[in-house]
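Me: I'd like to go through this model with you, charged pairs to begin with and then helices and cores. Could you start with any cut-off I need?

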Amino acid sequence: MAYRHEWKHIINLSDMIILQGRLPAVMTPDPHAINGKYEIRSLYFDDPADRALREKLDGVSRREKFRIRYYNRDTSLIHLEKKSKTGGLGEKLSAVLKKDEAQAIVDGDYAWMRHSTDPLVTEFYSKISSQRLRPKTIVDYTREPYLFPAGNVRVTIDYNIRTALHCTDFLNPECITIPAGDAPIILEVKWDAYLPDIVRDVVQLNARSVCAFSKYAACRIYG
């Protein structure tokens, strides 16, 4: 998968209401969304020195992080994902995990990954072994996604960002999450080679500049 351009903007409730009126007129809701949105639960990994967190906070240009994720409380489809950043460009690689494989990772059982034929699972196992990556925090949030075919554009509004208190068993529905401090609403715009003017115009908001907000960093507020 090629690197994609990414913009992030911190917005407020008024901005979100404006965008909820504008975006459907130009873009198509993601067909995987339910009533225009879906719920995301992710489990992020880091090493004992919190390298992924520190590199993000320090603004390191080239960095990566691993997570496992599912949508709408549906644990029948779980993804292992690696997100890489180089400047303002991002890349995401993904592999499908079975529920028992994801639970094994949560429980600290990594041996099964040695026999995987998926290169991302193999890389993850290598870094679990060499860098001692371990589960760090759960990140929950609601996402409203919109698509535009030209430029392969994806615009999302993320809100209700929540974190678990010292619980990393992200497949456990009893693992309760709480608001991640004063985490804001986030507008994300992603595209391939170019961003069509019609999309650029519709996401334009007064006094909103590109930022480097991290849901993972926001959810590490409690540990």
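Reply: Buried here means under 20% relative accessible area, exposed means over 50%, and partly exposed covers what lies in between. Please keep in mind that this is a predicted model.

Me: Okay, is arginine 4 buried or exposed?

Reply: Arginine 4 has a relative accessible area of 9%, and because that is under 20% it counts as buried.

Me: And which residue forms a salt bridge with arginine 4?

Reply: That is aspartate 192, and the closest N and O atoms of the two residues are 2.7 Å apart. Aspartate 192 sits in the loop between β10 (185–191) and α5 (197–202), while arginine 4 belongs to strand β1 (residues 4–11), so the salt bridge ties together parts that are 188 residues apart in sequence. Aspartate 192 itself is partly exposed, at a relative accessible area of 31%.

Me: How many salt bridges are there?

Reply: The count comes to 19 salt bridges. Some are joined up, since Arg143, Asp158, Glu188, Lys190 and Lys215 are linked in a network.

Me: What does lysine 136 pair with?

Reply: Lysine 136 forms a salt bridge with aspartate 50, with 3.3 Å between the closest N and O atoms. This pair links distant parts of the chain, 86 residues apart, with lysine 136 in strand β7 (residues 134–148) and aspartate 50 in the loop between β3 (38–46) and α2 (51–58). Lysine 136 is partly exposed at 28% relative accessibility, whereas aspartate 50 is buried at 13%.

Me: What about glutamate 64, which residue is its partner?

Reply: Glutamate 64 forms a salt bridge with lysine 82, and their closest N and O atoms are 3.4 Å apart. The two residues lie in strands β4 (residues 62–71) and β5 (residues 74–86) respectively, so the pair ties together parts that are 18 residues apart in sequence. Here glutamate 64 is partly exposed, with 26% relative accessibility, and lysine 82 is buried, with 11%.

Me: Switching to helices: which residues of α2 are buried?

Reply: In α2 the buried residues are Ala52, Leu53, Glu55 and Lys56. Seen down the helix axis, they fall within an arc of 170°, so they line one face of α2. Arg54, Leu57 and Asp58 are exposed on the other side of α2.

Me: What do the buried ones pack against?

Reply: The buried residues of α2 pack against β3, β4 and α6 (215–219).

Me: There's a glutamate among them, so what does glutamate 55 touch?

Reply: Not counting residues up to four places away in sequence, glutamate 55 touches Val60, Arg62 and Arg63. Its relative accessible area is 16%, so it counts as buried by the under 20% cut-off.

Me: What comes just after α2?

Reply: Glycine 59 comes just after α2, and it takes a positive phi of about 75°.

Me: Now the cores. How many residues has the largest nonpolar core?

Reply: The largest nonpolar core has 24 residues, and those with the most contacts inside it are Ile68, Leu80, Leu97, Phe124 and Phe170. Two or more residues come from each of β3, β4, β5, β6 (89–97), α3 (99–106) and α4 (119–131). Among these elements, α4 gives the most to this core, with four residues.

Me: Which residues are in contact with leucine 97?

Reply: Leaving aside neighbours within four places in sequence, leucine 97 is in contact with Ile68, Ile78, Leu80, Ala102, Ile105, Trp112 and Val121. There is also a second, separate core of 20 residues, which includes Ile185, Val189, Val202 and Val203.

Me: Back to α4, then: which of its residues are buried?

Reply: The buried residues of α4 are Leu120, Val121, Phe124, Lys127 and Ile128. They cover an arc of only 125° around the axis, which puts them on the same side of α4. Pro119 and Ser130 are exposed on the other side, and the buried residues pack against β3, β4, β5, β6, α3 and β7.

Me: And what is at the two ends of α4?

Reply: At the start of α4, a side-chain oxygen of aspartate 118 reaches to within 2.8 Å of the backbone nitrogen of leucine 120. Arginine 132 follows α4, and its phi is positive, near 60°.

Note on methods: Residues are numbered from 1 along each chain as its sequence is written. This is a predicted model: local features need pLDDT of at least 70, side-chain atom pairs count only at pLDDT 80 or more; totals for chains, interfaces and linings use all residues. Side-chain values use heavy atoms; hydrogens and water are left out. A salt bridge is a side-chain nitrogen of Lys or Arg within 4 Å of a carboxyl oxygen of Asp or Glu. Buried means under 20% relative accessible area, exposed over 50%, partly exposed in between (1.4 Å probe, protein chains only). Contact means heavy atoms within 4.5 Å. The arc is that of the directions from the helix axis to the C-beta atoms. A nonpolar core is a set of buried Ala, Val, Leu, Ile, Met, Phe, Trp, Tyr and Cys residues joined through side-chain atoms within 4.5 Å. A polar contact is a pair of N or O atoms within 3.5 Å; within protein, one must be able to donate a hydrogen and the other to accept it, and residues adjacent in sequence count only if both atoms are side-chain atoms.
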